[in-house]
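User: Please take a close look at a single residue here, and then go on to the other points that bear on the same kind of reading.
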Amino acid sequence: MYDNPKTLKDLCINYVCNNIEKVYMAEQISETDLQPSEPEYMFIDNNVYLPMEISEILLTNLSIRNKLNDEILSLFSHKNVYLRNVVLPKTKHLTTKGLRTLKKHKIKKLKVHGLDCTVNELIGSLGEWTTQNLESLSVSNSSFISNSYEVKFCVVVSLSKLKNLRSLDVSNTEFNTKNLSAIVEDLPLLEILDISNTKVDTLLPLEKKKNQLRKLSVYNLKETTMNVIAFSPLKFMTSLTHLDLSSEKQAHPFETFSCDTPWLQFLTDPNWLPNLVSLDISGSDNVGPRIMQDFLTNHKKLRFLGLMHMDDCGLAMFTVPTHPLYNPDLVVTGVVTQEQLLTGLKRYPNRPTYIQKCLYHLFKWTEKYISPKVDIIELILNVMNCLSDSFPVQMAGTACLYNLTKSDLASKIHPSVLAKVVEATLDAMERFPSYNQLQKNTLLTLCSDRILQDVKMDKFRCAKLVLDSLHFFNDVVMNRMSVAICSILAAKISTSETSQLGSNPRYMSKLLSIVCEKLTNQVVDVTMKFTLSALWNLTDESPTTCKVFIDEGGLELYMNILNTFIDDSTVETKVLGLINNIAEVPHLRAMLFKNDIIPTLRRLLQSEQIDVSYFAAGIIAHLACEPGWETFTANGKTEVLEELRYAVKQWVSPEGEMVAYRSFQPFIGLLNSTDTPQVQLWAAWAILHVCTKNAKKYCAMLNKENGVEILQKIALDESVDLEVSELCYHILDLMNEFRSISNPVLPNDTF
């Protein structure tokens, strides 16, 4: 469960990334008054100069967080930072305008993913030094084609200018065979090439590089013309150490698939690629034990073998340590062993079909774990982030995350890890709101005391997504989890946030419909109790929510509950707690009188359960402040208030906190009700109770809200009821004790 503290460097970089807008400014530099130039962005401290390592890490982190745009990239001027290796995983907010910032940097390695502009425009943004010296370029998932015109020829020309290039990745682009022929001619030092998932339909142009290429990836070249001849250069690439020939067909992710593998015969040649260290043939036809045995015997240097979507991954030579050919130094991907699955998650973070299958089989393993597996959680989080748009991946990923964090496992996992789990869970929830099982997976994960109580997260976002799920689905199990989560989170978010949620008629209507169904069936279960708690917390200090509650028929419903579930103190307490929230809103009190609530409150005031009696008394106290009591009810005000006084005097403060308050503002008006000492008595008793049980919270709150001055004034007023005055003195004594403990160096004077 323990986690090493982050380094000071990491903490500083995280802080700058989170607050990047605070560290720079815009300066308008105009050449003439009539023709102002565009603003120039610069660090507030214009003397800033960051060393290379910090510059590169900061830039990459901003990109990962989707915070990198033209404006922020312009801060990375050669005047302020030093860049040599530029890695930009997310570039959707960048244009050529921002990329021109790279022109004056001397870049050796450039890796950008998913560019919005063309590769030609990217290369055109580089300076002359970079063009002549760039060693590694990756433009995966970018484009060679402009939206307005075709620039394939220009791109080839641009690539061909990079004479010092040793590594090129054009995977998942429109790169074609003609482009391949051009770079083979024009890039004399090329050693590493990735043309996966491109338009290349033959490897014949690579024949000229047969003695030079060290690493080659041709994953998912699905052109029908790929035959033995097209693959023939592979027979003679003696320097090749890494080769990826894997394929991925869009079949059902949990079914075996195969594809044409014309190069399969190469495996039977004992002299084929003798220096191979890594070979991936995932998705190919099965090789069989005999050919596989001969191949491994002839390739002693092999350290990685990809066998995803192949039955061969289950051969004994890969799964049974006692097998004569089992090699502990050979890493294999597949679906038979846990090690194969975890290797697959590491190796294929951007291949959805492979990842789906890995997670599907890993799920069965996660059901058996009895100890925390943080390393596996991190792997799953990474692939879920990489493949956030893939529903099957998110579906399987959320299921695995639940198994890895459920029950006692969560208590043994550090909150920082659980926070990442929650974030990934909420992302999946938000992206796929209409998928029942995925939503159920996410709710199962979130419905955890450990997560809801101890993990730092965006509680408002979580509550909103859970309420969206509650509204969308009519599933008994999902409803129970949703209201349980909301009942806890609603007490932990701000009043403005509870108002946003509670004032939404869709949410309110759904919550009340659950309560109505339970009332109709006269059932009090955990769903009923959680729903009542959620409504109570959502209406707390939120007049808008209280009004929506009334408009949606909630008050009539709650009166029926009080008259149906008589002596069920748990239900009565939650119902009265919400009605107390309404009573705190002056312009809504008339609605309580209209529902003839006073007789019910008088009955509940006599309850032996102090929390029931307490909230009934609180509602009466607030209603007593409303002018024209007699016009609303035949119940005499004087008689009811005396019953209130009698009830308060009988109370014995319980051991624990009976109630939680966000502020003492609702009590201020009650304390000033000098013409109704019974109302003052209830308010003073309530303040004394919570200050006694949680002095750290409530004494500080009382002091902050100037409640002490009001209490002093009441205590010193000889006309005030003696019982009220005594309670005020008790509260002030507590305040003095609290002050002496929290500020022992201050003078020991009293309030």
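What is the relative accessible area of D454?

Analyst: D454 has a relative accessible area of 43% and is therefore partly exposed; in these terms, buried is under 20% relative accessible area, exposed is over 50%, and partly exposed lies in between, with a 1.4 Å probe and protein chains only. The model is predicted: local features need pLDDT of at least 70 and side-chain atom pairs count only at pLDDT 80 or more, while totals for chains, interfaces and linings use all residues. Residues are numbered from 1 along each chain as its sequence is written, and side-chain values use heavy atoms, with hydrogens and water left out.

The partner of D454 is R450: their side chains meet in a salt bridge, 3.2 Å from N to O. A salt bridge here is a side-chain nitrogen of Lys or Arg within 4 Å of a carboxyl oxygen of Asp or Glu. Both residues belong to helix α18 (residues 449–454), where they sit 4 residues apart, about one turn of the helix. Helices (H or I, at least four residues) and strands (E, at least two) are DSSP runs, numbered from the N terminus. An α-helix has 3.6 residues a turn, so residues three or four places apart point the same way. The two ends of the pair are covered unequally: R450 counts as buried because its relative accessibility is 14%, whereas D454 is partly exposed at 43%.

The helix falls in the span 391–735, which an unreviewed UniProt entry annotates as "domain: Protein zer-1 homolog-like C-terminal". UniProt positions are given in the numbering used here, feature names are shortened, and annotations may be inferred rather than shown by experiment. The span is 74% helix and 0% strand, and its end C-alpha atoms lie 56 Å apart.

Other salt bridges give context, the count by this rule being 24. R461 pairs with E430, the closest N and O atoms being 2.9 Å apart. R461 is in helix α19 (residues 459–472) and E430 in helix α16 (residues 415–431), so this pair ties together parts that are 31 residues apart in sequence. E430 is partly exposed because its relative accessible area is 47%. Further along, E642, R645, K649, D721 and E723 are linked in a network of salt bridges.

A pair that spans a longer stretch of sequence is D244 with R351, whose side chains meet in a salt bridge of 2.7 Å, N to O. D244 lies in strand β9 (residues 242–244) and R351 in the loop between α12 and α13 (352–366), so the pair ties together parts that are 107 residues apart in sequence. D244 counts as buried because its relative accessibility is 11%, and R351 counts as buried because its value is 12%.

Helix α12 (residues 338–347) also holds G344. At 0% relative accessibility, G344 counts as buried. Leaving out residues up to four places away in sequence, G344 touches T333, I355 and C358, contact being heavy atoms within 4.5 Å. D312 and G344 are 32 residues apart in sequence and 15 Å apart in space, C-alpha to C-alpha.

Returning to the annotated span, helix α25 (residues 554–564) has G554, L555, L557, Y558, M559, I561 and L562 buried. Among the elements that cover these residues are α22 (505–521), α24 (543–551) and α26 (569–583). N706, in the loop between α34 (695–704) and α35 (707–716), has a positive phi of about 60° although it is not a glycine. N706 is partly exposed because its relative accessible area is 46%.

Strand β3 (residues 85–88) gives a contrast with the helices. V86 and L88 point to one face and are buried, while N85 and V87 point to the other and are not. β3 and strand β4 (residues 109–112) run parallel and are joined by 4 bridges; two strands pair if DSSP finds at least two bridges between them. The bridge partner of V87 in β4 is K111. T91 follows in the loop between β3 and α4 (96–99), and T91 counts as buried because its relative accessibility is 1%. Apart from neighbours within four places in sequence, T91 is in contact with V112, H113, G114 and L115.
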